[in-house]
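Here's a friendly walk through a structure you may be meeting for the first time. Take a look at it, then read on.

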Amino acid sequence: MTTILKPVCRGYITARHVRGSHVPQRVQNLVVRDYTQRNGIEFRLSEVEYLMPGCYIMLNSVIAELPHINGVVAYSLFMMPKRLGRRLNVWKSFVDTGRTLHFAVENFSLSTATDIQTAEDILAIDETSSTSNLQF
Amino acid sequence: MTNMLTMDEEALNQKFLSDGYLVVPVEDKAGLDRIRDNVAEIAADFLNIELPEDKQGFLDDMHRHVDVSRLNDMRLAVINGINQLHWLRATYFSLVRSVLDQIVGNELVMQRRINLSIQLPNDDSSLLPVHADVWDGDSAYEVVVWVPLVDCFKTKGMYILPPTPDATHAAKLSDFADGTTEDIFSAIEADVHWPDLPFGKAMVFSQTLMHGNRINLEPETRWSMNCRFKSMFSPYADKLPGEFFEPITLRAASRFGLDYKLPSGFEE
């Protein structure tokens, strides 16, 4: 019988607030681990993005690890860089190397140009609705 | 400020301020032995093998019993197992109680869950890249009590950047905005300390300082535990009382204060 190897992914969580909310790192890790279990992914201990606003050194570090793993499971899409150019470079790092960037909260993964468009659409809609002051 | 520390307290505090860490003999060796033996027993249970007489040797040789694919499952099983031992946290505290009393205070909160690190030789899967816990949302007022369960030395241990070089490098951290933690480590490598920590000693360090570990290049497996303590009434950050910390040495005067309510019922 052939053994099917599970894809190996690094967890990626953050010390910063996500969409204005504080989510304890233990809770972020539970969400990430649950995602990996449901999707047949071998989990590697999460790296924690530093607290300093605008700092993505830990994200750069997990991207540098991509030659040795199959992808990354981030807690949320909304942890990604705010600046478009920087964010597109992140997407490119995965798509160009055939790796996958998963987002546990959104239950969404990015590995193709179409996925990039989907991710950007979600971020744009969120940005629009959070600044439009719509009254419901 | 009037300094009323005793000479011994002053010496210990100055040493902590200059180095950023203290390596001290544990104050409860029997307690440490008990912790190590229970860790070994839970690991043996997980692996379904008979526990050898030489517990420390068993832990040192763990890479002969488990590979990277099962390492995290074993680590979680051992963490869950030891944290269910009702005596664990009190015993852990007893290892360095007088040191904490002198450099942190005598009304303390303690991390609810004690962590365990296992590093197999040449394993790059569970490294802790350079960081300061404050960058991860911890209070700058916390200290970490790091306790080896085997003899830890060189890359089998951990590194820490003392306060003076830490301040220099931290001031330039944004130079690495497009870099990685490896780039930061390359910059600080010449300045870091690798404290030798034989079994029976503990390290207390300020987690505001950059620290981490590297691939364990020694031929033995590293086992170490860590737990955070802080003064009960010093500022908190993202790690809060209840979810992360638990009060362990509340004193009577503070009990009066916490319970006190001004008489009410007056009307203007």
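In which strand of chain B is Phe229(B) found? Phe229(B) belongs to strand β8 of chain B, residues 222-231. Before going further, keep in mind that this is a predicted model.

**A residue to start from**

Is Phe229(B) buried or exposed? Phe229(B) is buried, because 25 other C-beta atoms lie within 10 Å and the cut-off for buried is 20 or more. Setting aside neighbours within four places in sequence, Phe229(B) is in contact with Leu100(B), Val104(B), Leu108(B), Met110(B), Glu142(B), Val143(B) and Val145(B). Ser117(B) is another story: Phe229(B) and Ser117(B) are 112 residues apart in sequence, and their C-alpha atoms are 18 Å apart in space.

**A covered strand in chain B**

Val143(B), one of the contacts of Phe229(B), leads us to strand β6 of chain B, since Val143(B) stands opposite Ser206(B) in β6(B). Strand β6 covers residues 201-206 of chain B, and five of its six residues are buried, so β6(B) is mostly covered. Two partners are worth tracing here. Strand β4 of chain B (residues 143-148) runs antiparallel to β6(B), joined by four bridges. Strand β1 of chain B (residues 21-25) is antiparallel to β6(B) too, with five bridges; here Val23(B) stands opposite Met203(B). As a bit of background, strands of a sheet pair through backbone hydrogen bonds, either parallel or antiparallel.

**A helix at the start of the tour of chain B**

Now look at helix α1 of chain B, residues 7-19. How does its span compare with what its 13 residues should give? At 1.5 Å a residue, α1(B) should span 18 Å, and its end C-alpha atoms are 18 Å apart, which agrees. After α1(B) comes Gly20(B), whose phi is positive, near 85 degrees.

Glu9(B) has its place in helix α1 of chain B. With 14 C-beta neighbours inside 10 Å, Glu9(B) counts as partly exposed, because that class lies between the limits of 12 or fewer for exposed and 20 or more for buried. Glu9(B) and Val99(B) are 90 residues apart in sequence, yet their C-alpha atoms are 9.0 Å apart in space.

**Over to chain A**

Chain A has four helices and five strands. Reading from the N terminus, the elements go β-α-β-α-β-α-β-β-α. The radius of gyration of chain A is 15 Å, close to the 14 Å that the globule rule gives for 136 residues, so chain A is as compact as a globular protein of that length.

How are the five strands ordered in the sheet? They form an open sheet in chain A with the order β2-β1-β3-β4-β5 and mixed pairing. The edge strands are β2 (42-49) and β5 (108-110) of chain A, each pairing on one side only. From one strand to the next, the twist averages 25 degrees. Inside this sheet, strand β1 (residues 8-14) and strand β3 (residues 71-74) of chain A pair in the parallel sense over four bridges. Cys9(A) stands opposite Gly71(A) in β3(A).

**Where the chains touch**

The contact between the two chains takes 16 residues from chain A and 16 residues from chain B. On the chain A side, the elements that give two or more residues are β2 and α2 (57-64) of chain A. α2(A) provides the largest share of that side, five residues. By class, the chain A side has 11 nonpolar, three polar and two charged residues.

**The two chains in numbers**

Chain B has nine helices and nine strands. Its radius of gyration is 20 Å, close to the 18 Å that the globule rule gives for 268 residues, so chain B is as compact as a globular protein of that length. Here are some figures for the chains, with long-range contacts given as the share, among contacts between residues at least 6 apart in sequence, that join residues at least 24 apart.

| Chain | Extent of C-alpha atoms along principal axes | Buried residues | Long-range contacts |
|---|---|---|---|
| Chain A | about 60 × 30 × 30 Å | 34% of 136 residues | 71% |
| Chain B | roughly 75 × 45 × 40 Å | 36% of 268 residues | 87% |

Technical notes
Residues numbered from 1 in each chain as written. Chains lettered and ligands numbered in written order. Predicted model: local features only at pLDDT ≥ 70, side-chain atom pairs only at ≥ 80, totals over all residues. Pairing = 2+ DSSP bridges. Axes fitted to C-alpha atoms, helices over the stretch in contact; angles between N-to-C directions. Contact = placed C-beta atoms within 7 Å. Nonpolar A, V, L, I, M, F, W, Y, C, P; charged D, E, K, R; others polar. Rg over C-alpha atoms; globule rule 2.2 N^0.38 Å. Expected span 1.5 Å × (residues − 1).
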